[in-house]
Amino acid sequence: MELITILGQTVPEPIQRFWNGFVAERGSNPTARFYEVFHFDDHEASANELGELVIAGKKRATASLLWSYEVEGKRLPEPGYLSVVTTWQGEPLCLIETTRIDIVPFNEVSEAFAATEGEGDGSLRHWREVHTSYFARECERLCMKSDADMVVVCEFFEVVYVNPDSKFNC
C-alpha cells in the first residue's frame with residue numbers, strides 16, 4: 001500500500017483518498033489544519049464502538065492524559081485542528097474539528113464533559129470508572145503512576161465530514 005505524507009505525517013492511501021474527498025466537497029484545502037489520524041481507545045471493540053458513537057452524534061468529546069503528549073513530544077490539539085477518526089483496522093470513519101480544549105486534573109473533570117463525551121450512560125460516575133481503568137493502562141505504558149491529580153486534556157469536537165463509503169455511516 002502506498003504511503004502519503006500530509007504535513008509531515010505519513011498516512012495510508014485510503015486516508016489520503018478520504019481526505020481528498022473532504023477537500024473536494026469543501027472546495028478549499030484545509031491541509032494546514034490537519035492534526036492526526038487516530039482511533040479511540042486501546043482495544044478493537046471499544047475503538048469501533050466509540051467511532052460509531054461519534055458518527056451517531058452522541059460522542060462529541062474525548063479525553064487524554066497530558067503526560068501522553070509530553071512523553072511522545074506531540075503538540076496539543078487546538079481549536080480548528082482537523083483529525084481523521086478511524087476504526088481499529090484503520091478505515092476512515094469521519095473527520096472531526098477540535099472546537100475547545102480544557103486542561104484539568106482528573107478529579108475535576110465535570111459532569112458536563114462526561115455527558116458530552118457520550119459514553120455509557122453519560123454520567124460522571126461512568127466516565128470515572130471507564131477512564132480510571134483506561135488511564136491506569138496508559139500510565140503503565142508511560143511508566144507513570146495514575147492518581148486523582150493527573151492532568152487530563154478534555155477535547156471537544158464536531159464532525160465535519162463522514163466517510164460516505166463507511167459501513168458505519170448512518
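# Reasoning from values to terms

Student: What makes the pairing of E13 with R17 a salt bridge?

Tutor: In this predicted model, the closest N and O atoms of E13 and R17 are 2.2 Å apart. The cut-off is 4 Å between a side-chain nitrogen of Lys or Arg and a carboxyl oxygen of Asp or Glu, so the pair counts as a salt bridge. A search of the whole structure finds 12 salt bridges.

Student: Where do E13 and R17 lie with respect to each other?

Tutor: Both belong to helix α1, residues 13-26, and they are 4 residues apart, which is about one turn of the helix. An α-helix has 3.6 residues a turn, so residues three or four places apart point the same way.

Student: How do you know whether E13 and R17 are buried, partly exposed or exposed?

Tutor: The relative accessibility of E13 is 24%, and since buried means under 20% and exposed means over 50%, E13 is classed as partly exposed. R17, at 52% relative accessibility, is over the 50% limit and therefore counts as exposed.

Student: Why is R137 said to tie together parts of the chain that are distant in sequence?

Tutor: R137 forms a salt bridge with D41, with the closest N and O atoms 3.6 Å apart, a value within the 4 Å limit. R137 is in helix α5, whereas D41 is in the loop between β3 (34-38) and α2 (44-55), so this pair connects parts 96 residues apart in sequence. R137 also meets D42 in a salt bridge, at 2.7 Å from N to O. D42 is in the loop between β3 and α2 too, so the second pair ties together parts 95 residues apart in sequence. Through shared partners, the salt bridges join D41, D42 and R137 into one network.

Student: What makes R137 and D42 partly exposed?

Tutor: R137 has a relative accessible area of 34%, and D42 has a relative accessibility of 35%. Partly exposed covers the values in between the 20% and 50% limits, so R137 belongs to that class, and so does D42.

Student: Why is E119 called buried, and what does E119 touch?

Tutor: The relative accessibility of E119 is 12%, which is under 20%, so E119 counts as buried. E119 is found in the loop between α4 (111-117) and α5 (124-142). Leaving out residues up to four places away in sequence, E119 touches L50, L53, K59, H126, V130 and H131. With K59 there is also a side-chain polar contact of 2.8 Å, a distance that meets the 3.5 Å limit for N or O atoms.

Student: How do you know how the span of α2 compares with the span expected for a helix?

Tutor: α2 has 12 residues and reaches 17 Å from its first C-alpha to its last, close to the 16 Å expected at 1.5 Å a residue. The buried residues of α2 are S46, A47, N48, L50, G51, L53, V54 and I55, and they pack against β6 (92-105) and β7 (151-162). After α2 comes G57, whose phi is positive, near 85 degrees.

Student: Why is β5 described as largely enclosed?

Tutor: In β5, 5 of the 5 residues are buried, so the strand is largely enclosed by the rest of the structure. Both faces are covered, with L82, V84 and T86 buried on one side and S83 and V85 buried on the other. In a regular strand the side chains alternate between the two faces of the sheet.

Student: How do you know which strands pair with β5?

Tutor: Two strands pair if there are at least two bridges between them. β3 and β5 are joined over 4 bridges in the parallel sense, with V37 standing opposite V84 in β5. β5 and β6 run antiparallel and are joined by 5 bridges, and the bridge partner of V85 in β6 is C94. β5 and β6 form a hairpin with 5 residues between them, and G90 in the turn has a positive phi of about 95 degrees.

Student: What makes E78 partly exposed, and which residues does E78 contact?

Tutor: E78 has 41% relative accessibility, a value in between 20% and 50%, so E78 counts as partly exposed. E78 lies in the loop between α3 (66-72) and β5 (82-86), and, leaving aside neighbours within four places in sequence, E78 is in contact with T98 and I101.

Key. Residues are numbered from 1 along each chain as its sequence is written. This is a predicted model: local features need pLDDT of at least 70, side-chain atom pairs count only at pLDDT 80 or more; totals for chains, interfaces and linings use all residues. Side-chain values use heavy atoms; hydrogens and water are left out. Helices (H or I, at least four residues) and strands (E, at least two) are DSSP runs, numbered from the N terminus. Buried means under 20% relative accessible area, exposed over 50%, partly exposed in between (1.4 Å probe, protein chains only). A polar contact is a pair of N or O atoms within 3.5 Å; within protein, one must be able to donate a hydrogen and the other to accept it, and residues adjacent in sequence count only if both atoms are side-chain atoms. Contact means heavy atoms within 4.5 Å. The expected span of a helix is 1.5 Å times one less than its number of residues.
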